[in-house]
Amino acid sequence: MPPKLYNWKRFWCPREGKLNLSDDGYLWDPDSEFGSIYNPDVVPFESISKFPCLALLGEPGMGKSTAMQSQKGSIDRRMSERGDASLWIDLRAYQTDVRLAQGIFEAPVFRAWLNGNHRLHLFLDSLDECLLRVDTVAALLIEEFGKCPIDRLYLCIACRTTDWPSSLEDGSRRIWGGEAVKVYELAPLRRVDIFEAA
């Protein structure tokens, strides 16, 4: 039976930012009257979706995948107006670098994008789990992205905070440019979210 999904609005914080959890341990609601004062660094995904390369980090079970799927759904609903495409890849499904390369870079959606002139929104989930089996995944991704028309590629990649490889971040900055690459961490739930779940 699939897990129950809640209509939670999730927020993200820059890795170097600060979180205010003074609401009895809950995230002080950024949407509340004083939210911008108590949590000035915390933003919804819509505020960071403009960046071409996003690393979305968090601890296991925090809801990274669910939050990223929700954002993909929002992007998909807008894509028909612009003719863009999206591709979701769960990296945990791959056991070898060859299969991984085929799964991403030989996917029909990816090939169509390479041969077209539209934008591709690429979502890569569970990088940390893939790293347990394919330790070359960071180098592989950087090598392949370096061959792509990067001005038309928007990447979101989810990973456990402690497993995020600095080599992938450094390589992404070389390809996209430093200001185009951002690293955010998933903020904890708000009190209102817990009330909804209860």
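Angles under 35 degrees count as roughly parallel. The views below show a predicted model.

**View 1. Helices α6 and α7 pack with their axes roughly parallel.**
Helix α6 spans residues 137-145, and helix α7 spans residues 166-176. Their axes come within 9 Å and cross at roughly 5°. That angle falls under the 35-degree limit, so the two helices are roughly parallel to each other. From α6, the contact uses Ala-138, Leu-141, Ile-142 and Phe-145. From α7, it uses Ser-167, Leu-168, Gly-171, Ser-172, Arg-174, Ile-175 and Trp-176. By class, the contact residues are seven nonpolar, three polar and one charged.

**View 2. Seven strands form an open sheet with mixed pairing.**
The strand order is β2-β1-β7-β3-β6-β5-β4. Strands β2 (43-44) and β4 (85-90) are the edges, and each pairs on one side only. Strand β1 (residues 11-14) runs antiparallel to strand β7 (residues 181-186). Three bridges join β1 and β7. Here Pro-14 stands opposite Tyr-184 of β7.

**View 3. Strand β3 is largely enclosed by the rest of the structure.**
Strand β3 covers residues 53-58, and six of its six residues are buried. Cys-53, Ala-55 and Leu-57 point one way from β3. Leu-54, Leu-56 and Gly-58 point the other way. In a regular strand, side chains alternate between the two faces of the sheet.

**View 4. Leu-56 of β3 has a partner in β6 and another in β7.**
Six bridges join β3 to strand β6 (residues 153-160), and the two run parallel. Five bridges join β3 to β7, also parallel. Leu-56 stands opposite Ala-158 in β6. In β7, the bridge partner of Leu-56 is Tyr-184.

**View 5. Leu-122, Leu-124 and Phe-145 touch the most other members of the largest nonpolar core.**
This core holds 38 residues. Helix α6 supplies its largest share, six residues. Apart from this core lies another, of 16 residues, including Phe-45, Leu-56, Met-68 and Ala-158. In soluble globular proteins, nonpolar side chains tend to be buried together.

**View 6. Leu-122 and the residues it touches.**
Residues up to four places away in sequence are not counted here. Leu-122 touches Leu-87, Ile-89, Ile-104, Phe-110 and Phe-145. Leu-122 also touches Leu-153, Tyr-154, Leu-155 and Cys-156. Phe-145 appears in View 1 as well, on the α6 side of the contact with α7.

Conventions
Residues numbered from 1 in each chain as written. Predicted model: local features only at pLDDT ≥ 70, side-chain atom pairs only at ≥ 80, totals over all residues. Heavy atoms only, no water. Axes fitted to C-alpha atoms, helices over the stretch in contact; angles between N-to-C directions. Helix = DSSP H or I, 4+ residues; strand = E, 2+ residues; numbered from the N terminus. Parallel < 35°, antiparallel > 145°, perpendicular 65-115°, else oblique. Contact = heavy atoms within 4.5 Å. Nonpolar A, V, L, I, M, F, W, Y, C, P; charged D, E, K, R; others polar. Pairing = 2+ DSSP bridges. Buried < 20%, exposed > 50% of the residue type's maximum accessible area, 1.4 Å probe, protein only. Core = buried A, V, L, I, M, F, W, Y, C linked by side-chain atoms within 4.5 Å.
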